[in-house]
Structures are given as structure tokens and as C-alpha cells.
Amino acid sequence: MLSKFQILFTCIVLLLVKAKAQDVKLDSVVLNINRYGLKTAQSNLFVHFDKTVYTNNDQVWFSGYLLKNITNLDQYHTLYLSLINNSDSSVVIQDKFLIEKGFAFGALTLPDSLPGGSYRFVANTNIKKDKQPDGEFVQPIVIKSTTVNPLTANVSIFKAYDEQSKNGIALLKILSSDNRFVENAEIKYHIGKDKQTLLTGSAKSSVIGELMINFPADKITADNNQLNVSIKKGKHIRYIKFNLPVRNRSNYQIQFYPEGGYLVDRLTSKVGFEVKDLEGNAIKATGILYENDMVIDTLQSNSTGLGSFSICPKPSKKYYVKLFASEQEGNSYHLPAALKHGAVLTAGTAIAENDFRLQLVANNNQKVHVLVHNFADVFLHADLILAANKTQNIRFKLDSVPIGLNTVTILDSNYRPMAERIFFAHYDQLNQIELSTDKNEYNTRDQVNLKLNVTGKNEAPLTALVSISCTQANRISVVNNQNIMDYFYLQQHLKPIPSRPMGLKYVDQDYLNDVFLVKTWRRYKWPEEEVVNKKEVLSSFDYHGEITRRKKLLTSPLGLTTIAGENLNFLDTDSAGRFSIPFDHLLIKEQKTPVWLGMVTDRYDLYSLHINNPQEELTKYIVQQNFELPDTRAKVINNDYQSITSAAGIKLKEVVITKNNQNTDYAKRTYNKCGDYVCRNNILNCHNHIEASDNSNPITGETYSDGKGGKITYQGCLDVDRKPNIISLKGINLAKDFYVSDINNKNEPINFSTVYWNYQMKIKGDTSISFNMGDLTGPFKVIVQGVTDKGVVYGEKEIMVKRK
């Protein structure tokens, strides 16, 4: 029984005041939690792209931020940016940019002939931890292309299951862009996922552009049900992915998450649940909760697929849910079995300011340890004696707890986790940005006056370094767009995190409470032996190689030189001929400028130079990573639905590509070896017509327009001829200034979807900036995001542009 003092003093304040031996034990516990439970975030990189919907020939502007406190910041010097086609994970563009003091800024141009579809940018730093890239960031994008693909294809289920053959039939139908049948197209197909291959085959399409693909329906499982098809007609190729139906499987999946981790006999628990379809899309659904065969409650998930209910499980009873949409299938979704002995914790809200409150109750007498930590450090700790079925109210004073996601973990007397809850500390102290414009509606080519101010705790002004973009609102996808606040505080810790249709996640407390309820427990598999905290091994992606003579290592150093535009440097190999090229030898001011590496010797014919390309190593890693599209909308066909025409078939993922090789020039070359070109309006390096098909090469000594009302004489391209002892390397790009259009030039249209980009704007107190709109009309969105010495900051505002 609890004493009168214990009953009255049900609100306790936990302080970290423990003996050194106890601290060592807790550190070991947190290490084990980190190893077997929710990992600390490995990613320390965020990249702000000016938009998430591009067209081919678009300019891509971005700013990268290292978000962790890094001791040796100078070791991060290169940002690797790769554009990946989601249809087949091919790397179509890859480039490098300078990281300086934790920041990276740059731009690149999408090729004119790049086909439309679903892509992703993958950003990595040059650092490797234990041979794995450190700081990976993925930004899904959509490219809307004017390139017409002559092949269109559709897959549907013609017959899900045949009782005699035990097979199903998938119907592939191929049409041309003008809706004509494509006959004799070369088709290769593969059924399986990852390393599991169930079936492969090849064939040609019929005179009506069709192919029936038989598949062993009885052998199709969730682990091998992906049908991958490649279609080739002449020089054109199209790839398609399609999920085949799995027999005797529900169309939906439900996961149950008791608050704290486990159901316990005769203790009331709040249970969060998540409803998805087989493709991982959130489902708004209604279901019935059963105790054995008795209905005890009605459940409903919201638009994010999340919901909750309360239950007090009884011994020897079974609890399950049936969805209204699946009752005809007879599918039941069972709750996890309740423990005979354990503890249940309950929090009214997981959004905390200066303190966090919860209730803890056990169904037996026991001693427990209570920790507040972030999976790396313990901030608060206390021991409690719980009396059976007596609720203990707990209040955590959060003075020593950092802002953001933290965790309460309840350990038993042997320091093993038995309950857990994630919460957001100091939510009221999130940085804010005041973003205002002089008006909400503008005419084309009007000047926009923007005022910014960043504040932190108690509205104290902060100094911030931010990137600012003003882009057409329809170029920012709500599904794909990421902001630095959601990423820093939520997404990098909770993967995957349910999408929120309205955009920003961190501003919606109801959404956060739902998410924290279903992401609150990792069901630890506790190790029998303690995990040893091994020191991470750091290395770097860089150019390195060796020089040999007659296939043997050298016996004395040999000199090398690098030429990167005006950047000339020398280095020596070691005595065996091995070398590594410092990153500052690779810096280039203009994209496409090659870096020339050569041996400093007249008898270069006696030597062989071998070099390792770091981008090839990184590419192998990237293409092996699984990436789940956030906007997938596939369906599974019911078993008794035997015939579906291709016109009414399942909508495929948007995966249209044409044949290309990695890092290929996509169209005919429209610039010289230095990347210079002249557009149709006689403008040198015109930003309106980057890589346009009708560009021409500039002529040395000729005079061209500079696009701003002035003239410029072309001085020529000082290209280095290829020599036997010279190797061309890809340089590291420096930051590029945003092109500001001449609003007074009425003859040249300003049709950029991004009208303003500033990648390194310092904000201190009230800060004003101004820029001009172009000729496009409609809603535009101003986005400001970046870092302060007190965390990250984000703000946005929409303005309207009308024809003048």
C-alpha cells in the first residue's frame, strides 16, 4: 500500500542526481536502446530546392545545410547531387558542389530531352562513416516533359486465378503516342523483388500491341509480386512496374500501437492504429472492435489513416477488428496479446512546453526506473516503487531537456524497457519568422518588397542564414515538398512518417499527437550481452589513384598537376606512386569546365595512371537503396473480378523514360566544350534558352547581346587538347548567382517559374529585400528557410500576380 505521503505527493519532479556507477549503468542502457530500438538520426543534411515540379530544360536552384553540431566541420567539403529516375533507379545526372562552413549552394540545368516522370534528387556529403555515406537527403520531384514518348503502355489483370492451371494472366497493351497499336515490340519481363526472382521471360507484342503474361498465382507473395517490364521499339524504351495481386490477402493492412508499448491484463490502455492499403497509402476507414465474437466498439481512422481507441483487456479474451470495406472477405485484424504483468503509461498530450505529464500504473508491485532521454543522452532519471493498480502521476520539469523529440522510457528493476512514450519538448519555443509583403496582389514585372524577421524563445530576435525562393505555387507539390522544420524535428527521426494533406506537419498538434502515438514504441529485442560502443571509422569520397611503371609500384615520388580553369595546382605521389587529390584542386567557377590531371614528366609513356572515381562508388550505393514513392496509387484486384480491360486497368506509377546511359548528353550538343552557346535571339549564354535545341556555338571575336541591354565580345574557348598523359576529371562547382532578368527589355519574355532565389541571406532584426516578378501570372509562393544559432526556421507566404 502507498503511504499517505505517497498518495498526496503524486506529482513528482525528476532530476538527474545519481551516483557515478548508476550513470555508467544508464549510459549502457541507452546504448542498448539506441542499438535495438529507435535509432538516432544518421542524416545531418537538408537541401532546399526552389521547387519540386520541373520541366525539362529547367534550371534547378538549391541550398544545402549541415544540421548537426560537427566538431571537424572542415572535413565536409563536397556535396554530391544525383538525379535518379524512379522507374529503374538509373542515375541520369550527377554533379559535385562545394560545402563551405556547413553550407552548400548551387544550380544545375535539366537536359532539354529529359523525359517526364517521377524522379528523385539524392544528396550526399563526401564523408563516409563505417564505409557508408553520411548525410543522405532525398527529395522526390516530378518532371513534366515536352518530349513526346512514342510508346505508352498499360498493365491490367485479365484473369486473377484459373482453377485448372493455377495461373493468373496480366494483360500488357502498348500504343503509340497517336493511339495506334505497336506490334512486334521487344518485351522483357521479370517477376520478383530485390534478389527474389520468380519468373523471367521475353516476347513480342501482337498485331494489336498486346501480350498476355502468365504468372504462377499460387506462388505470388508480398515479397515477390512486382512485375517489371521493359518495352523496346526501335530506339525507344519504356519501363513499367506493376504489383500483381496476392491471393487470399486482404486489400488493407492495420497496425495497432498500445500507448506505452503493450496491452496489460485489466489495465485500461489507449491504442493507436494505422490503416493502409497494400501500397502504403493512408486509408480513411471505419471498423468494428470485437471481444471474442461480441461487438464492443466502433473505430474510425482519419484522412491520414490514423485513429485511436481505449480498451481494458480481460484475461483469455481475444480482440480483433473488422473493417466495413473488408467484411465480405472475412478478414480479421488481431490486436497484440496482453501481458499478464506489466505497466501502462498514459499521456494526455505529447506536445509539451516547460513540463511533461503522464500517468503510470502497473498490475503488480514493482520497482521501476524512469528515464528521459533522446537515444543518445540521459537528461532525467528517478526510481519509483509502483503499487498494484495504483496510478502514479508524474511531472517532468524540462529545464535540462533540449527542444524537439525526446522519450520517456520505463525500465524494470533489471534495466530492461517495459514502456515508452515519445513527446515534443518546448514546442512553444520553436523559432518563428515574420514574413510580410507590401501587398498581396501584384502585376507582371512589379517589384515585390519583402520584410523578414526571425525570433526565438520569448520572441527574442535571432540572426539567421536562410535561402529564399519565389516560385509559381503549382510548381511546389504538397506531397513531395519538404521543409526544414518538419525534417529536422520529425522526419529524420520518424521514418516513415504519415503524410499530411495540408502540407506543414509541425504546425498541427492533433496530427503530431496521432503520429507520436503510433511511433512511440519499438518493441525492443533486448540483447543478452551488452553492446560495445564502437568508435566510428571516418573516410571520404575523393579522387585517389596510383601511378605504376611496367605494372609495378614506383620507388620514388612522381609529380602531378591539376588544371581547373584558372586554378593550377601541383602535388606529389608517395614513394610507391599512390596519391589523393585535395578537393581545393578541383574547384571550378563554371559548370562543364573539365579538370585536367597530368603527370609532370617528359617520359609519361613509361607510366600508367589509374584513378578511382568517387562518383562511381557512390552510384553503386545509391541504386541499391530502396525508395518508396510517396504518391503511389496502385490497387489490388479482388479474386472474383476476373476480367478488366486495359482501358479500365490499374493506373501505373508514372514511369516514362527513354534509353540513356548514365551521365549522357541527352540531346545533340548545343554548346561548345566550355559550355558556351548563343540562343535564337543572339544572346550569349541566355538563361531563357539553356540547352535549347536551336542554340549555336559562339564564334571567337563576334559580338553578342548580354541579355541585359549591353554587348559582349566572345573571347573564345581555351580548351585543352587530350594528351596521352592527361585525364579529364569532374570538378567541384562553386556557388552560382541567380540570373536577374532585365524587366525593361520588352522584347525578351521573362517566363521563369522561379522569379527569385537567394541562397545566403543574412537576417538580423527587421530585414528588407526586393525583387521583380516576371511575365507569368497566377499564385506564387515565397518560401524562406534556413538555420540560426538556436535551431532551424521556416516561413512561407502566397502572393497573386495578374496581367498588367
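A polar contact is a pair of N or O atoms within 3.5 Å. The model discussed here is predicted.

Q: Which residue caps the N-terminal end of α4?
A: Look for a side-chain oxygen facing the backbone nitrogen of D510. The two atoms lie 3.1 Å apart, and a polar contact needs them within 3.5 Å. The residue that supplies the oxygen is D508.

Q: Why is helix α4 described as largely enclosed by the rest of the structure?
A: Helix α4 covers residues 509-518, 10 residues in total. Buried residues in α4 include Y511, L512 and N513. V515, F516, L517 and V518 are buried too. The helix is called largely enclosed because the number of its residues that are buried is seven of the 10.

Q: Which helix do the buried residues of α4 pack against?
A: Strands are among the partners: β18 (252-258), β19 (269-277) and β22 (306-311). β30 and β31 (417-425) also pack against these buried residues. The helix among the partners is α3 (484-491).

Q: How many residues of β31 are buried?
A: β31 spans residues 417-425. The strand is mostly covered. Its buried count is nine of nine.

Q: In which sense do β30 and β31 pair, parallel or antiparallel?
A: The two strands form a hairpin, with five residues between them. In the turn, Y415 has a positive phi of about 65°. L411 has P417 of β31 as its bridge partner. Over eight bridges, the pairing is antiparallel.

Q: Is L398 buried or exposed?
A: L398 sits in the loop between β29 (392-397) and β30 (404-411). Its relative accessibility is 0%. Buried means under 20%, so L398 counts as buried.

Q: What distance separates the C-alpha atoms of L398 and E353?
A: Along the chain, L398 and E353 are 45 residues apart. In space, L398 touches E353, and its other contacts include A352, N354, D355 and F356. F423, A425 and H426 also touch L398. The C-alpha atoms of L398 and E353 are separated by 8.0 Å.

Q: Does K781 count as buried or exposed?
A: K781 lies in strand β51 (residues 778-788). Beyond its sequence neighbours, K781 contacts S469, C470, T471, A473 and I476, and also E796, K797 and E798. Its relative accessibility is 19%, and the cut-off is under 20%, so K781 counts as buried.

Q: What is the area of the nonpolar surface patch made by I563, L568, F570 and V600?
A: I563 is one of the patch residues, and it belongs to strand β39 (residues 559-564). With a relative accessible area of 31%, I563 is partly exposed. Patch membership requires over 30%, so I563 passes that cut-off. The patch comes to about 380 Å².

Q: Which are the edge strands in the open sheet β9-β8-β36?
A: The sheet has three strands, with antiparallel pairing. β8 (residues 127-129) joins β9 through two bridges. There, K128 is the bridge partner of P133 in β9. The strands that pair on one side only are β9 (132-133) and β36 (538-540).

Q: What percentage of the residues of the protein count as buried?
A: The protein has five helices and 52 strands. Its accessible surface is about 38800 Å², with 47% belonging to carbon and sulfur atoms. Of its 804 residues, the buried portion is 52%.

Notes. Residues numbered from 1 in each chain as written. Predicted model: local features only at pLDDT ≥ 70, side-chain atom pairs only at ≥ 80, totals over all residues. Heavy atoms only, no water. Helix = DSSP H or I, 4+ residues; strand = E, 2+ residues; numbered from the N terminus. Buried < 20%, exposed > 50% of the residue type's maximum accessible area, 1.4 Å probe, protein only. Areas by Shrake-Rupley, 256 points an atom, 1.4 Å probe, with all protein chains shown as cover. Contact = heavy atoms within 4.5 Å. Patch = residues over 30% accessible without salt bridge, like charges linked within 9 Å, V, L, I, M, F, W, Y side chains within 5 Å. Salt bridge = Lys/Arg side-chain N within 4 Å of Asp/Glu carboxyl O. Polar contact = N/O pair within 3.5 Å; in protein donor to acceptor, adjacent residues only side chain to side chain. Pairing = 2+ DSSP bridges. Lists of a residue's contacts leave out its neighbours within four places in sequence.
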